[in-house]
Amino acid sequence: MFGYVLVNQKALAQPAFDRYRQSYCGLCRRLGELHGLRGRMTLSYDLTFLDILLCSLYEDEVPEQSGLNRCPAHPFKPQAWRSATPTDYCADMSVALHYYSAQDKWQDDRSLVGRTLMALLEKRLPEIRRRWPMQCEAIRTELAELNRLEAENCQQPDVVSACFGRLMAALFLYKQDHWSRELETIGMTLGQFIYLLDAADDLEKDQKKHHYNPLYQYSEAPDWKEALQESLQGMMAQCTAAFEVLPCVADGDILRNILYSGVWSRWPFPAQQEESEKEDTDSSHPNQD
């Protein structure tokens, strides 16, 4: 369920995309410095979005750092990077998410890939749990509940997706402050969206391999794609409404690009993707005038 919170590069000006890449490289750099090469293996676009969001929201409190850096992926050409204090939090959450996800796969079907990733990351967990106990406990308990529902072949998409929603809501609570309600709403709705979009993306493959998917019964209705699209649009409407309350000025163009368009990049039914890309080029989004 990683890799769905994407930027829509076609609808983003080049300077903004360059800033996005700098944040991506900045998170990768901090993952390496805090957790070694194995930490860098957990780098994802999803946590890059959270990093950009938190750095924008708290820009007055956390001075940004930037520079050039060579890394294993780019050993010859230095890459521009930028980061701030929330970047370290996102690096910790990236490792924790991948560890508990790997643990879930190992416990669920004895996945050797999951067991290997657990072994690589488990030494980092005590320190991360000490720094962020609430978030780590939420990841662990919600993934356990998700695993239980999947084992029972739960065919209530709202119930199953709510587990991942609550997990993401906890991740977005970087601080307990006056922005907590909005951040929690963004995390909750985005988590539900990701889970259901992943289910739609994997439906055909899961049917062939007889793997669990919460959309089996849902997809029996003749208009299920339209109904799912409407449901997901409702989730993102709540998500963006909460986002627009936040005073995110820095990188607002990147954040809106992702929330209004980029998240639909892996929607498996092209009509919606084309519509979303068209909407993203419109200047009618709130606070864009």
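## Exercise 1: Helix H6

Task: Find the residue that follows H6 and say whether its phi is positive or negative.

Solution. Asn153 comes after H6, and its phi is positive, near 55 degrees. Keep in mind throughout that you are looking at a predicted model.

Task: Work out how the length of H6 compares with the expected span, and where its buried residues lie around the axis.

Solution. Start with the length. H6 takes in residues 133-151, which makes 19 residues. From the first C-alpha to the last, H6 reaches 27 Å, close to the 27 Å expected at 1.5 Å a residue.

Next, pick out the buried residues of H6: Gln135, Cys136, Ala138, Ile139, Glu142, Leu143, Leu146, Asn147 and Leu149. These residues cover an arc of only 160 degrees around the axis, so they lie on the same side of H6.

Finally, turn to the face of H6 that points away from the buried side. That face carries the exposed residues Pro133 and Ala151.

## Exercise 2: Helix H2

Task: Determine how many residues of H2 are buried, and name them.

Solution. First locate H2, which spans residues 45-57 and has 13 residues. Its reach from first to last C-alpha is 18 Å, close to the 18 Å expected at 1.5 Å a residue.

Then look at burial. Of the 13 residues in H2, 12 are buried, so this helix is mostly covered. The buried residues are Asp46, Leu47, Thr48, Phe49, Leu50, Asp51, Ile52, Leu53, Leu54, Cys55, Ser56 and Leu57.

## Exercise 3: Aromatic rings

Task: Classify the pair formed by Tyr89 and Trp132, and say where in the chain each ring sits.

Solution. Begin with the whole structure, where a search finds 12 aromatic pairs. For Tyr89 and Trp132, the ring centres are 4.6 Å apart and the planes stand at 75 degrees; angles over 60 count as edge-to-face, so this pair is edge-to-face.

Now place the two rings. Tyr89 belongs to helix H3 (residues 85-109), while Trp132 is in the loop between helix H5 (125-131) and H6. The two are 43 residues apart, and their pair links distant parts of the chain.

Then check burial, for which the cut-off is under 20% relative accessible area. Tyr89 has 1% relative accessibility, so Tyr89 counts as buried. Trp132 has 19%, so Trp132 counts as buried too.

A second pair is formed by Trp267 and Phe269, with 5.0 Å centre to centre and 75 degrees between the planes, and this pair is edge-to-face. Both Trp267 and Phe269 are buried. They belong to one aromatic cluster together with Phe193, Trp224 and Trp264.

## Exercise 4: Charges over rings

Task: Find which ring lies under the charged end of Arg29, and which ring has Lys175 over its face.

Solution. Arg29 places its charged end over the ring of Trp81, at 3.7 Å from the ring centre. Lys175 lies over the face of Tyr58, and here the distance to the ring centre is 4.5 Å.

Lys175 also leads to another residue. Setting aside neighbours within four places in sequence, Ser180 is in contact with Leu173 and Lys175. Ser180 is in helix H8 (residues 180-209). With 11% relative accessibility, Ser180 counts as buried.

## Exercise 5: A pair of strands

Task: Describe how E1 and E2 are joined, and name the partners of Ser66 and Leu68.

Solution. Strand E1 covers residues 65-71 and strand E2 covers residues 74-83. The two strands run antiparallel and are joined by six bridges. Two residues lie between E1 and E2, which form a hairpin. For the partners in E2, Ser66 is bridged to Arg82, and Leu68 is bridged to Ala80.

## Exercise 6: Two loop residues

Task: Decide whether His210 and Asp251 are buried or exposed.

Solution. Place them first. His210 is in the loop between H8 and helix H9 (224-245), and Asp251 is in the loop between H9 and helix H10 (252-260).

Next, look at the backbone. His210 has a positive phi near 60 degrees, and the phi of Asp251 is also positive, near 60 degrees.

Last comes accessibility. His210 has a relative accessible area of 72%, so His210 is exposed. Asp251 has 11% relative accessibility, so Asp251 counts as buried.

Technical notes. Residues numbered from 1 in each chain as written. Predicted model: local features only at pLDDT ≥ 70, side-chain atom pairs only at ≥ 80, totals over all residues. Heavy atoms only, no water. Helix = DSSP H or I, 4+ residues; strand = E, 2+ residues; numbered from the N terminus. Expected span 1.5 Å × (residues − 1). Buried < 20%, exposed > 50% of the residue type's maximum accessible area, 1.4 Å probe, protein only. Arc of directions from axis to C-beta. Phe/Tyr/Trp six-rings, centres within 6.5 Å; stacked < 30°, edge-to-face > 60°. Lys NZ or Arg CZ within 6 Å of the ring centre and 35° of its normal. Pairing = 2+ DSSP bridges. Contact = heavy atoms within 4.5 Å.
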